Amino acid sequence: MRVADVAVRELLWNGLGTVVEEMSLLLQRSSFSPMIREMLDFSCGFLDARGRLVADSNLIPAQAGTLEYALAGALARTGALAEGDVVVTNDPYSGATHLPDVELFTPVFAEGRLLGYVATVAHHVDIGGVSPRNRGTVPGHRSTRDLFEEGLQLPPVKLYERGLRNEALWQVLLRNVRDPGSVEGDVTAQLSACRRGAERIQELAARYGAETVAAAADDLIDDTAARASALLDRWPDREVSAVGHLDGDGLDYSTPLTVRATVAVRGGRLHVDLRGSSEQTTGTFNVPWSSTCAALGYALRCFLGTEVRQNHGYMQLIEASAPLGSLFNPRRPAAVVSRHMAVQVLTDVLFRAIGELLPDRAVAASHVSFPTLLMRADDPRTGAQKTLMDTVGGGGGARRGLAGDDGIDSYTSNCAIVSAEVIELEYPWRVRACELVDSTGGDGRWRGGRAVRREYELLADSASGRVASEQRLPAHAAQGVGGGGPGAPASVAVSRGGGGWETLAMEASSITVSRGDAIRVTAAGGGGYGAPGPVRLERDR
């Protein structure tokens, strides 16, 4: 069935978008940890009765792009859901991302029919694991070697059944993490967001009718598919390839990992072949298939333009393949906690490949360094153990007519920077500096974006954990386009006892520091666009 009145369809498109925005606001405001509340490392969405994404919160593409896969994996295991059911999962081999990202799905019913599902996914700073160092997204020495070491695995299972909480499962969750208060608060915030989303969808059904809401979802997806296919039909009919690299696999930095993508457009569909990429590794950079597809969807979305809506309609036009047992389609139980590093490099490679197909839309590479600090210490003010996870932004790639953005979390990420005030209130650390670093953006007619440098001084007796960054090798820096220069590489350094800065080797990112020691992380810069010349058209900085 189609919606007879296009105006009603557009009203419902905006209504559904408002629903997921309200879910996001509620989740952010009621969450416990700064990871969600300040860094905004979460996503919300609404999927139709067939499990197709209709609307999402436009926060973290790497998360939102997996919702369809995680829901399909959940329904395959649990069967049809009833009103009051809530499914929880973090299983990357059942469609989720990595274990710290906990995903919740709630069915929405109105007028006796299933309208769809509301969903939340949020990054939890603690999901258990072999040691406190093996959480978050940070690779490093003695990092995990398989999924069992990475933390608590939650295959798709009902956390609530017909409105009643599974108390045994709830206790299993809280007994397997080192910070149960934080996890309990954040999961409860996710549940609240799902309940609010379901209520708002039901209000739309009460106003417009359940049949109209369901038909509008179909129309929105079909319209998006038609628009996207028409645009793809105008793209050049040829095959292009691009290659990128990661510094190492999170354990071994003697040999870089290879990311290769071959892209072609045929019959209004985008075909992506990832053969030629590295095999799956014993490190933590393996990418579950759902996250691979999230990267592909994000890259295509960016080149389709604003006339195409953000939903399943354009995603269904991607035909992708990667050999089983490879970096982008690993076999269980390969470790995946740091899959985001490889996802970002894959996205960058796809941007370069599509930019070769469409040179008038080509952009220089953005940083994919994702420098991350994950440190645990006893807070002397309270005696509580606190785990700080923070990341800083790097330079965006320049494009024709515009310099690259400064200090961004690029591509499929999009996390916010946690303020120095929040870090100092919540954790036993002082932020001594947080600044943009000049000359980190690649040279060019339009310069690449500048990177952020941040320094942390420990105020507790000791702290241990990991500090890591990709793109520390100059050969893997963000590339320029059209004669533009590369961005500067990333770096990590430590100062002990007030002494000078010592660069931390990539293979030695596990670290213990003492009171007064400081850690400095600097992200990579973005690539420049166009050969440098006398004309310098840049944003006012």
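1. In this predicted model, Cys293 has a relative accessible area of 13% and is therefore classed as buried, since the cut-off for that class is under 20%. Cys302 presents another case: its relative accessibility is 36%, so this residue counts as partly exposed.

2. Neither residue takes part in a disulfide, as the entries for Cys293 and Cys302 show. A disulfide is a covalent bond between the sulfur atoms of two cysteines. The structure as a whole holds 0 disulfides. For Cys293, the nearest cysteine sulfur belongs to Cys302 and is 16 Å away. For Cys302, the nearest cysteine sulfur is that of Cys415, also listed at 16 Å. A pair of sulfur atoms must lie within 2.5 Å to be counted, and therefore a separation of 16 Å does not qualify.

3. The next point concerns the sheet. Its 7 strands form an open arrangement in the order S2-S1-S5-S4-S3-S6-S7, and their pairing is antiparallel. Strand S2 (53–56) and strand S7 (164–165) are the edge strands, each pairing on one side only.

4. Within this sheet, strand S4 (residues 101–110) and strand S5 (residues 113–123) run antiparallel and are joined by 10 bridges. One residue pair may be located by the reader: Ala110 has Arg113, in S5, as its bridge partner.

5. Two helices should also be described. Helix H4 (residues 67–78) packs on the sheet, where it touches S1, S2, strand S3 (86–89), S4, S5 and strand S6 (157–161). The direction of H4 makes about 70 degrees with that of S4. Helix H1 (residues 6–30) lies across strand S1 (42–48), S2 and S5, and runs at about 145 degrees to S1.

Technical notes:
Residues are numbered from 1 along each chain as its sequence is written. This is a predicted model: local features need pLDDT of at least 70, side-chain atom pairs count only at pLDDT 80 or more; totals for chains, interfaces and linings use all residues. Side-chain values use heavy atoms; hydrogens and water are left out. Two strands pair if DSSP finds at least two bridges between them. Helices (H or I, at least four residues) and strands (E, at least two) are DSSP runs, numbered from the N terminus. Contact means heavy atoms within 4.5 Å. Axes are lines fitted to C-alpha atoms, for helices over the stretch in contact, and angles run from 0 to 180 degrees between N-to-C directions. Buried means under 20% relative accessible area, exposed over 50%, partly exposed in between (1.4 Å probe, protein chains only).
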